[in-house]
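Thanks for coming. I have one structure to go through today, and I will start with a single contact before turning to the whole chain. Please look at the screen.

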Amino acid sequence: MQLVLEKRAERSNTIALVSPLIAIGMTIVTMVILFAILGKNPALALWVYFIDPLTDSYSLQEIAVKATPLVMIAIGLSLCYLANVWNIGAEGQFLIGAVAGSWIAVKTQGTDAGPWVLPAMLVMGAAAGALYALIPAICKVKFGASEILTSLMLVYVADLFLDYLVRGPWRDPNGFNFPTTAEFDPVATVPLLVDGGRLHLGAIFAVLVVGAAAILLGRMIKGFEIRVVGAAPRAARFGGFNSKQLILLTFAISGALAGLAGIIEVAGPVGHLQPGFSPGYGFTAIIVAFLGRLNPVGILIAGLFLALTFIGGEQAQIAMKIPLDVTKVFQGILLFYVLACDSLILYRIRLVSTSQVPSGTA
């Protein structure tokens, strides 16, 4: 007997809906085993990870703060993935947007600049992210280069460029030699929504981005074009849709949202530019996009769930001495199971006799 994958006659909508829940369930089972191996109480660990943060108002605010960049980046990535192009370098676009927007904050530091500073920072961050994302898009359109490799390699360029700036020309002279810029002036920071917490205006931006993406994909011809080009390229060519222009457009939008998220993160919760200010939002957003089924509302829910793992991981580190890297393990396992379960949408698993397995069957 042998297990084979048999292509379904049509896509299973039921499996498509429950696939993320199956993936989450399998991830939790795997984490229970991991916690047991680490010598921790699995039930207590799961409680600290997923329940404790929901019982405290400050933690709820922190979940929204963490979800803000995840949702914004994931929305942009979902447009690329729906168009069947693969932007893997959102982390680099996130960083370069933070750097570009911070340039205005650094140059206006202590100059009593007006309220134009923050809007200019946001525009600069979004524009820089879009331009940075267009590099792999143009390489793909003009030279046929793999956008996966080029976008991923540019992450390291952005990371090293940021590191150079904060250790060199932008380093705070009064910062005791730490690699960081000076704290941004109040006019260069994102306003808080709640006194005594860190919830900021960026959370509203994220919700607006979700709404705009839902309208784009559900109500506008350009959203229809994105879905058709991704699902049926040949039909899209017959329909007169230009796939090359769409690649440039989706990458530009994705980069702009990532860059905007980057400068909001720096000008909001962080308050200055420094290395390592991102815990890998650009990569985690890939999980958010797929867990949310590339649907704007689903991405919002998935972003809140992944943000919960960040906050829960921090609390588990304090309360149970569980290494913070376990959170990254959790997210990696979740992505693995999401992709694995997604295969069930197009294929069904069958147990057949070896003699019945046709040649070339998976």
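The side chain of Ser59 makes a polar contact with the side chain of Gln315, at 3.0 Å. Bear in mind that this is a predicted model.

Where is Ser59 placed? Ser59 belongs to helix H3, which covers residues 57–82. Is Ser59 buried or exposed? Ser59 counts as buried, because its relative accessible area is 5% and the cut-off for buried is under 20%. Leaving out residues up to four places away in sequence, Ser59 touches Pro53, Ile311 and Gln315. So Gln315 turns up twice, as a polar partner of the Ser59 side chain and among the residues that Ser59 touches.

Next, the loop between helix H11, residues 281–291, and helix H12, residues 296–320. Arg293 is found in that loop, and Leu294 is there too. What is the phi of Arg293? The value is positive, about 60°, although Arg293 is not a glycine. Leu294 is not a glycine either, and has a positive phi of about 60°. For background, most residues other than glycine have a negative phi. As for exposure, Arg293 is partly exposed, with 28% relative accessibility. Leu294, at 15%, counts as buried, because buried means under 20%.

Now to strand E1, residues 2–7, where we find Leu5. Leu5 is partly exposed, at a relative accessible area of 35%. How many residues apart along the chain are Leu5 and Ile349? They are 344 residues apart, and their C-alpha atoms are separated by 4.9 Å.

That brings me to contacts across the whole protein. Taking the contacts with a separation of 6 or more, 79% are accounted for by residues 24 or more positions apart.

Finally, the overall picture. The protein has 13 helices and two strands. Its C-alpha atoms fill a box of roughly 80 × 60 × 35 Å along the principal axes. The radius of gyration is 22 Å, which agrees with the value near 21 Å for a compact globule of 362 residues. Of those 362 residues, 49% are buried. The protein exposes about 17300 Å², and carbon and sulfur atoms supply 67% of that area. On charge, there are 22 positive and 19 negative side chains, and the centres of the two sets lie 15 Å apart.

That is all I have.

Definitions and conventions
Residues are numbered from 1 along each chain as its sequence is written. This is a predicted model: local features need pLDDT of at least 70, side-chain atom pairs count only at pLDDT 80 or more; totals for chains, interfaces and linings use all residues. Side-chain values use heavy atoms; hydrogens and water are left out. Helices (H or I, at least four residues) and strands (E, at least two) are DSSP runs, numbered from the N terminus. The radius of gyration is taken over C-alpha atoms; the globule rule is 2.2 Å times the number of residues to the power 0.38. Buried means under 20% relative accessible area, exposed over 50%, partly exposed in between (1.4 Å probe, protein chains only). Contact means heavy atoms within 4.5 Å. Accessible areas come from the Shrake-Rupley method with a 1.4 Å probe; for residues, only the protein chains shown count as cover. Lys and Arg count as positive and Asp and Glu as negative; His and the chain ends are not counted. The place of a charge is taken as NZ of Lys, CZ of Arg, CG of Asp or CD of Glu. A polar contact is a pair of N or O atoms within 3.5 Å; within protein, one must be able to donate a hydrogen and the other to accept it, and residues adjacent in sequence count only if both atoms are side-chain atoms.
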